[in-house]
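Please look at the sequence and the model together, and follow the paragraphs below from one part of the chain to the next.

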Amino acid sequence: MHVTLRQLQVFDCVASQQSFTRAAEALHLSQPGVSMQVKQLESAVEMALFEQIGKRIDLTDAGRVMQRLSRAVTEQLRETEQAIDELKGVEGGRLRVSVATTVNYFASRLLSAYCAKHPKVQVSLDVTNRESVIRKLTENSTDIVLMGQPPAGLNVEAQPFMENPLVVIAGPQHPLAGKQRIPLAKLSQETFLIREPGSGTRLAMERFFEEQGTKPAASIEMSSNEAIKQSVEAGLGLGIVSEHTIQLEKDAGHLVVLDVRHFPIRRQWYVVHHRAKRLSAAARAFKGFVLAQVGQRNALSGAGPDA
Ligand code: PGA
């Protein structure tokens, strides 16, 4: 029996409207078009489905059987549509977010607000440095990335969503604490606690010192913002970190931001995904959420990708 969905749909409409004309109107088809679909269905089952007495159209016995089928099929279709919508939709979705460690201070608050709005989305968050985040993008093993400037040449879509100023931090007892307009040259006599290679913060700091033709007297490498903050607090040296990472310590008076000339180093955070990536509804919603939450609060400078 060769029956198409379209034939069933047209047949069902004629049966419920009890009129070819009204069915044609409802389906935005011509009346001959409707008649043809019904005829094709009748020849597929080799029986008449309607009988016409005067102007009135009634179902035959075969027509009633066919109506049961068309209703069951319509119902099944509706259920399938719903299940697929669920899969496509935000509520049934999955979201893999990777963030550079520095961004995590802010990203966890964003994610928690997103999860409160979409409690059924299965979220996984991966916190790693810039280099690994870039690897994840190229391997297509993540949906959305929040990071500093993506390198040029990477086939990604990147939109800035927030400023990320890098500042010089010191313990409150440091001799430079409280001084104003500290010349950059003073920093070349200091020990700096710096992030590991592969960190976006470290890259920005190195570029900055290179541009300014200076560098710290000595540096000690540490693989996290937390380790740097604690060591700076303990008086081991100075650090350059994102201002977003030090809110608590600053408020508690455990760390101070030094007023150094040419600082802060101005950077942006970006919401990024591979250009070829087909974002799920959950991922699309997250991207929109990030841009909507923070986009208006910041006057973005429109900086382009790294060279
Ligand atoms: P990172 O992150 O220093 O933790 O790598 C920030 C960035 O990409 O700017």
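In this predicted model, a good place to begin is helix α8, which runs over residues 200–212 and so has 13 residues. From its first C-alpha to its last, α8 reaches 18 Å, which is close to the 18 Å expected at 1.5 Å a residue. At the start of this helix, a side-chain oxygen of Ser-199 comes to within 3.1 Å of the backbone nitrogen of Thr-201, and Thr-201 is itself among the buried residues of α8, together with Gly-200, Arg-202, Ala-204, Met-205, Phe-208 and Phe-209. It helps here to recall that an α-helix has 3.6 residues a turn, so residues three or four places apart point the same way. After α8 comes Gly-213, which has a positive phi near 65 degrees.

A second feature to find is a hairpin, in which strand β1 (residues 50–53) pairs with strand β2 (residues 56–59) in the antiparallel sense over 4 bridges. Within this pairing, Gln-52 has Ile-57 of β2 as its bridge partner. The hairpin has 2 residues between its strands, and Gly-54 takes a positive phi near 65 degrees.

Finally, turn to the empty space in the model. The second largest pocket holds about 270 Å³ of space, and of the 15 residues that line this pocket, Arg-109, Glu-243, His-244, Thr-245 and Gln-247 are the closest to its centre. At least two lining residues come from each of α5 (101–117), β6 (156–163) and α10 (247–251), while the lining, sorted by class, has 6 nonpolar, 4 polar and 5 charged residues.

Terms used. Residues are numbered from 1 along each chain as its sequence is written. This is a predicted model: local features need pLDDT of at least 70, side-chain atom pairs count only at pLDDT 80 or more; totals for chains, interfaces and linings use all residues. Side-chain values use heavy atoms; hydrogens and water are left out. The expected span of a helix is 1.5 Å times one less than its number of residues. Buried means under 20% relative accessible area, exposed over 50%, partly exposed in between (1.4 Å probe, protein chains only). A polar contact is a pair of N or O atoms within 3.5 Å; within protein, one must be able to donate a hydrogen and the other to accept it, and residues adjacent in sequence count only if both atoms are side-chain atoms. Two strands pair if DSSP finds at least two bridges between them. On a 1 Å grid over the protein atoms alone, a cavity is a set of points where a 1.4 Å probe fits but cannot get out, and a pocket is an open set with protein on both sides within 12 Å along at least five of seven lines; lining residues have an atom within 4 Å of a point. Grid points are joined across faces, edges and corners, and a volume is the space filled by probe spheres set on the points. Ala, Val, Leu, Ile, Met, Phe, Trp, Tyr, Cys and Pro count as nonpolar, Asp, Glu, Lys and Arg as charged, and the others, Gly among them, as polar.
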